Amino acid sequence: DGNIWVGTNGGLNILNASGRVTRTWANSNGLPGDRVLSLAQGPDGDFYVGTDTSAISHFSEQGTLLHTYASKSGFRADRVSAMAVDHEGRLWAIGIGGCFRTRAPLKKGQLSFERMEIPGIPSRASFRDVLVDDFGLVWIASSRGLARFDGRDWRTLTVRDGLESLDLGVVSQSQGSIWIAYRDALGMTRL
């Protein structure tokens, strides 16, 4: 509908096409925390908002808060650092202390999350970024290396595989390549 969704340290702002704020969500009116760390748009246009709390809020495309999911839904990370929707329509949500995925595609009612155990990366690691690439592979940057999920199996990449450090900050895709940025000033690695 032409709206722009912006996460800030003071909540969620929804702007119209001309840049005017039409709606603000914060802890005072229903958002579980004021610091918005991640946003993801589902296949039906709805938005999922992750904050520095252990909860994910589900909004309609028009900006109505529909539901907030916390530990009862199975999501148990300390905050929601990043989110992405895979090619099956499942929401991936990561943070300090876990990597989680919805058990079913987003269109199937209430969300229920499952912890995704990644070989070689402890579940209490800091999971910092998640990317679903053009081929449907899920990439996760963490404090213990890079993980790739092909829908069935995990592969973990470390310094033995050419990374400069295990402590990663961002994973991105550009022109058919996967790029990794490090937390320290080590530059980037193209895979």
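Two strands are said to pair if DSSP finds at least two bridges between them, and in this predicted model that criterion is met by strand 5 (residues 47-51) and strand 6 (residues 56-59), which run antiparallel and are joined by four bridges. One position at which this pairing can be followed is G50, whose bridge partner in strand 6 is I56.

These two strands belong to a wider arrangement, an open sheet of four strands in the order 4-5-6-7, in which the pairing is antiparallel. At its edges lie strand 4 (36-41) and strand 7 (65-69), each of which pairs on one side only, and from one strand to the next the twist averages 20°.

Earlier in the chain there is a further antiparallel pairing, in which strand 2 (residues 11-15) and strand 3 (residues 21-25) are linked over four bridges. Here I14 has R23 as its bridge partner in strand 3, and the hairpin that the two strands make has five residues between them, with G19 adopting a positive phi near 90°.

The aromatic residues offer another way to read the fold. The model holds eight aromatic pairs, and one of them is formed by W5 and F59, whose rings are edge-to-face, with 5.9 Å from centre to centre and 75° between the planes. Because W5 lies in strand 1 (residues 4-8) whereas F59 lies in strand 6, this pair ties together parts that are 54 residues apart in sequence. Both W5 and F59 are buried, and together with W25 and F47 they make up one aromatic cluster.

From there the reader can turn to the nonpolar cores. In soluble globular proteins, nonpolar side chains tend to be buried together. The largest nonpolar core in this model has 17 residues, and the members that touch the most others are W92, C99, I118, F127, V130, I140 and W154. Two or more residues of this core come from each of strand 8 (82-85), strand 9 (91-95), strand 12 (127-132), strand 13 (138-142) and strand 14 (145-149), with strand 12 giving the most, namely three residues. Another core, of 14 residues, lies apart from the largest one and includes A40, Y48, M83 and L106.

Two loop residues further along the chain close the tour. Is S165, which sits in the loop between strand 15 (154-157) and strand 16 (168-174), buried or exposed? Its relative accessible area is 15%, and since buried means under 20%, S165 counts as buried. A polar atom of the S165 side chain lies 3.1 Å from the backbone nitrogen of D167, and, once neighbours within four places in sequence are set aside, S165 is in contact with V159, Y182 and L186.

R183, by contrast, has a relative accessibility of 51% and therefore counts as exposed, the threshold being over 50%. R183 is found in the loop between strand 17 (177-182) and strand 18 (188-190), and although R183 and D167 are 16 residues apart along the chain, their C-alpha atoms are separated by 5.9 Å. When residues up to four places away in sequence are not counted, R183 touches R128, D167, L168 and G169. D167 thus appears in the surroundings of both loop residues, through its backbone nitrogen in the case of S165 and as a contact in the case of R183.

How values were computed
Residues are numbered from 1 along each chain as its sequence is written. This is a predicted model: local features need pLDDT of at least 70, side-chain atom pairs count only at pLDDT 80 or more; totals for chains, interfaces and linings use all residues. Side-chain values use heavy atoms; hydrogens and water are left out. Axes are lines fitted to C-alpha atoms, for helices over the stretch in contact, and angles run from 0 to 180 degrees between N-to-C directions. Rings of Phe, Tyr and Trp (its six-membered ring) pair if their centres lie within 6.5 Å; planes under 30 degrees apart count as stacked, over 60 as edge-to-face and the rest as tilted. Buried means under 20% relative accessible area, exposed over 50%, partly exposed in between (1.4 Å probe, protein chains only). A nonpolar core is a set of buried Ala, Val, Leu, Ile, Met, Phe, Trp, Tyr and Cys residues joined through side-chain atoms within 4.5 Å. A polar contact is a pair of N or O atoms within 3.5 Å; within protein, one must be able to donate a hydrogen and the other to accept it, and residues adjacent in sequence count only if both atoms are side-chain atoms. Contact means heavy atoms within 4.5 Å.
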